[in-house]
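With the structure open in your viewer, set the display to a cartoon with the ligand as sticks, and take the stops below in order.

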Amino acid sequence: MVSDLCISLLSPDFDRKGFDCDVPELNDFLSKRARKHMTQRMSVTYVLHKEDECEILGYYAISMAEIRMIDLQKELIKGLPRHPVPAVRIGRLAVSKSHREKGYGSELLWDAIERALSLSDQIGARAIEAHAKNDSARKFYLKHGFISLVDDKNHVYILMETAREALERLEEPDTESD
Ligand SMILES: CC(C)(COP(=O)(O)OP(=O)(O)OC[C@H]1O[C@@H](n2cnc3c(N)ncnc32)[C@H](O)[C@@H]1OP(=O)(O)O)[C@@H](O)C(=O)NCCC(=O)NCCS
């Protein structure tokens with residue numbers, strides 16, 4: 001995590017209305033529905049911010065989900081019971097338009113992945129899924145190792161084991177830079 005940045009649970013202390021990622025639906029969710037969803041236990045929202053500052057630089061909302069077996073590649077469902085596959089959903093993920101391309105989206109995504117991995121040690125969840133809003137968002141997820149479902153290229157997922165390997169690689173010390 002970059003120096004003074006933190007990821008915290010969304011609380012009333014943060015400036016939800018000041019957040020603008022250029023996607024009205026994602027702005028509205030944060031300002032009007034994210035807190036309610038938390039009370040209703042529908043999803044939990046985490047925000048990226050600077051230490052002791054209330055400006056929201058980015059956020060994601062996370063919940064449980066399931067993926068239909070017919071939507072997954074055949075080789076990924078071999079040997080599994082014929083039930084929907086339990087998953088963790090990154091429902092929404094966005095970075096403020098004035099803070100793009102600084103790695104904040106990746107910070108949020110890896111935090112969500114880490115949280116999902118930790119949860120999957122306690123509650124069955126085989127994959128992490130997300131619905132990319134458009135081609136550009138899909139490219140962002142693909143860049144991080146997600147793959148598209150069979151019939152819906154903007155519905156993307158990553159298996160827990162693949163995510164764990166990717167996270168381990170990320171945490172390995174960079175020996176080539178010496
Ligand atoms: C998609 C989004 C979250 C990316 O946030 P960001 O902070 O700009 O992304 P990062 O700086 O962490 O970029 C990480 C990598 O993804 C790539 N990337 C980021 N946005 C991308 C895009 N729109 N298309 C293709 N690649 C993209 C970056 O080039 C970078 O690659 P690199 O590591 O090789 O340099 C941000 O653009 C956003 O909030 N968009 C509007 C909301 C949205 O579409 N959310 C997606 C979920 S529905």
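Begin with the strands of this predicted model, which form an open sheet of seven strands in the order 1-2-3-4-5-7-6, with mixed pairing. If you select strand 1 (5–9) and strand 6 (147–148), you have the edge strands, each of which pairs on one side only.

Next, select strand 5 (residues 127–131) together with strand 7 (residues 155–159), and follow their pairing, which runs in the antiparallel sense over five bridges. Within this pair, Ile-128 of strand 5 can be shown with Ile-158 in strand 7, the residue that it stands opposite.

Now move to the ligand, whose space is the largest pocket, and display the 20 residues that surround it, the closest being Leu-93, Val-95, Glu-101, Gly-105 and Ser-136. Colouring this shell by class gives nine nonpolar, five polar and six charged residues.

Which elements each supply at least two residues of the shell around the ligand? Select strand 4 (85–95), helix 3 (104–120) and helix 4 (135–143) to see them; of the elements, helix 4 gives the most, with six residues.

Finally, label the polar atoms around the ligand. A nitrogen atom of the ligand is 2.4 Å from an N or O atom in the side chain of Ser-136, a residue also listed among the closest to the ligand. An oxygen atom of the ligand lies 2.8 Å from a polar backbone atom of Ser-106, while at Arg-100 the distance from a ligand oxygen atom to an N or O atom of the side chain is 3.5 Å. To close the tour, put a surface on the ligand: taken alone it exposes 900 Å², and the protein buries 74% of that.

Technical notes. Residues are numbered from 1 along each chain as its sequence is written. This is a predicted model: local features need pLDDT of at least 70, side-chain atom pairs count only at pLDDT 80 or more; totals for chains, interfaces and linings use all residues. Side-chain values use heavy atoms; hydrogens and water are left out. A residue is near a molecule or strand if one of its heavy atoms lies within 4 Å of it. A polar contact is a pair of N or O atoms within 3.5 Å; within protein, one must be able to donate a hydrogen and the other to accept it, and residues adjacent in sequence count only if both atoms are side-chain atoms. Accessible areas come from the Shrake-Rupley method with a 1.4 Å probe; for residues, only the protein chains shown count as cover. On a 1 Å grid over the protein atoms alone, a cavity is a set of points where a 1.4 Å probe fits but cannot get out, and a pocket is an open set with protein on both sides within 12 Å along at least five of seven lines; lining residues have an atom within 4 Å of a point. A molecule sits in a cavity or pocket if more than half of its atoms lie within 2 Å of its grid points. Helices (H or I, at least four residues) and strands (E, at least two) are DSSP runs, numbered from the N terminus. Ala, Val, Leu, Ile, Met, Phe, Trp, Tyr, Cys and Pro count as nonpolar, Asp, Glu, Lys and Arg as charged, and the others, Gly among them, as polar. Two strands pair if DSSP finds at least two bridges between them.
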